Amino acid sequence: MQITRRSFLKLSGAMGASTALGLDFKPVKAYADELSKMHRIKTSKQFTTVCAYCSCGCGLISSVDSITGKIFNIEGDPEHPINEGSLCAKGAGFFDLTEANKHRLRKVQYRAPYSDKWEVKDWDWAMKRIARLTKDARDKDFIVTNEKGQLVNRTESVAHLGSSNIDNEECWLISMSVRAMGLVYIDHQARV
Ligand code: SF4
């Protein structure tokens, strides 16, 4: 259904009268929200880009508000030869990683062993603690040689599970770093 500015104003007037009569306006309000989104889409700039999460390299269209310069939508590119508009759950959730997502975690949340409370910590504290625990666990069970006496220099007490929100280059860096520490249990959702 196409709604002109005039019919939208008529609809809005009807909304005011109907409220007094106790009528349900949710559908009209939803349509008004939809209109403002359509307006933003009309005036926005679209850029094509590529999902960085795995080696498939699906194409994305990023819509940027021409006034604020902020991204307000990211979706699959129907003209891209690899994904033809479709995205997996990670790619489809790309927009939630932008600053537009008010629920994105920005601070370190720490819960001490046996505690039922979360505490907010800073990143320096978290990085030092992760490094300390990793080093202690690695040194405790470091295997220098296997049962045949061959040099293996590995640890089986620490594993690394890659995040689904890191890109190919970050995955490569992490793989190299954890292998250098002797880890053999390394996995990632995209198996880079
Ligand atoms: S993570 Fe998903 S959307 Fe992104 S490139 Fe890989 S398959 Fe495509």
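The following paragraphs describe the fold of the chain, its two three-stranded sheets, the surroundings of the ligand and a few backbone details.

The structure is a predicted model. Its secondary structure amounts to 5 helices and 8 strands, and these elements succeed one another along the sequence in the pattern α-α-β-β-β-α-β-β-α-β-β-α-β. Of the 192 residues in the chain, 7% are buried. When contacts between residues at least 6 apart in sequence are considered, 35% of them join residues that are at least 24 apart.

One open sheet consists of 3 strands in the order 1-2-3, and the pairing within this sheet is antiparallel. Strand 1 (45-50) and strand 3 (71-76) occupy the edges, and because each has a single partner strand, one side of each remains without a neighbour in the sheet. From one strand to the next, the twist averages 25 degrees. The pairing between strand 2 (residues 59-64) and strand 3 is antiparallel and extends over 5 bridges. Within this pairing, Leu60 has Gly76 of strand 3 as its bridge partner, while Ile61 is matched in strand 3 by Glu75. Strand 2 and strand 3 also form a hairpin, in which 6 residues lie between the two strands, and Gly69 in the turn adopts a positive phi of about 75 degrees.

A further open sheet of 3 strands has the order 6-7-8, and here the pairing is mixed. Its edge strands are strand 6 (142-145) and strand 8, each of which pairs on one side only. Neighbouring strands of this sheet are turned against each other by 30 degrees on average, when direction is ignored. Helix 4 (residues 123-140) packs on the sheet and touches strand 6 and strand 7, with its direction making about 140 degrees with that of strand 7. Helix 5 likewise packs on the sheet, where it touches strand 7 and strand 8, and the direction of helix 5 makes about 155 degrees with that of strand 8.

The mixed character of the sheet can be followed through its individual pairings. Strand 6 and strand 7 run antiparallel and are joined by 3 bridges, and within this pairing Ile143 has Arg154 of strand 7 as its bridge partner. The two strands form a hairpin with 5 residues between them, and Gly149, which lies in the turn, has a positive phi of about 85 degrees. Strand 7 (residues 151-161) and strand 8 (residues 183-187), by contrast, run parallel and are joined by 4 bridges. In this parallel pairing, the bridge partner of His160 in strand 8 is Ile186, and Leu161 stands opposite Asp187 of strand 8. Together with helix 5 (residues 168-180), strand 7 and strand 8 make up a β-α-β unit that is right-handed.

The ligand is surrounded by Cys51, Tyr53, Cys54, Cys56, Gly57, Cys58, Asn83, Leu87, Cys88, Lys90 and Gly91. By residue class, this shell divides into 7 nonpolar, 3 polar and 1 charged residues.

Two residues merit separate mention for their backbone conformation. Most residues other than glycine have a negative phi. Tyr114, however, has a positive phi near 70 degrees although it is a residue other than glycine. Tyr114 is located in the loop between strand 4 (108-110) and strand 5 (119-121), and this residue is exposed, because 5 other C-beta atoms lie within 10 Å, where a residue counts as exposed if the number is 12 or fewer. Asn153, which is not a glycine either, has a positive phi of about 45 degrees. The place of Asn153 is in strand 7, and with 11 C-beta neighbours inside 10 Å, Asn153 also counts as exposed.

Methods:
Residues numbered from 1 in each chain as written. Predicted model: local features only at pLDDT ≥ 70, side-chain atom pairs only at ≥ 80, totals over all residues. Pairing = 2+ DSSP bridges. Right-handed = clockwise from strand over helix to strand, strands pointing away. Near = placed C-beta within 6 Å. Nonpolar A, V, L, I, M, F, W, Y, C, P; charged D, E, K, R; others polar. Buried ≥ 20, exposed ≤ 12 C-beta atoms within 10 Å, placed from the backbone. Contact = placed C-beta atoms within 7 Å. Axes fitted to C-alpha atoms, helices over the stretch in contact; angles between N-to-C directions.
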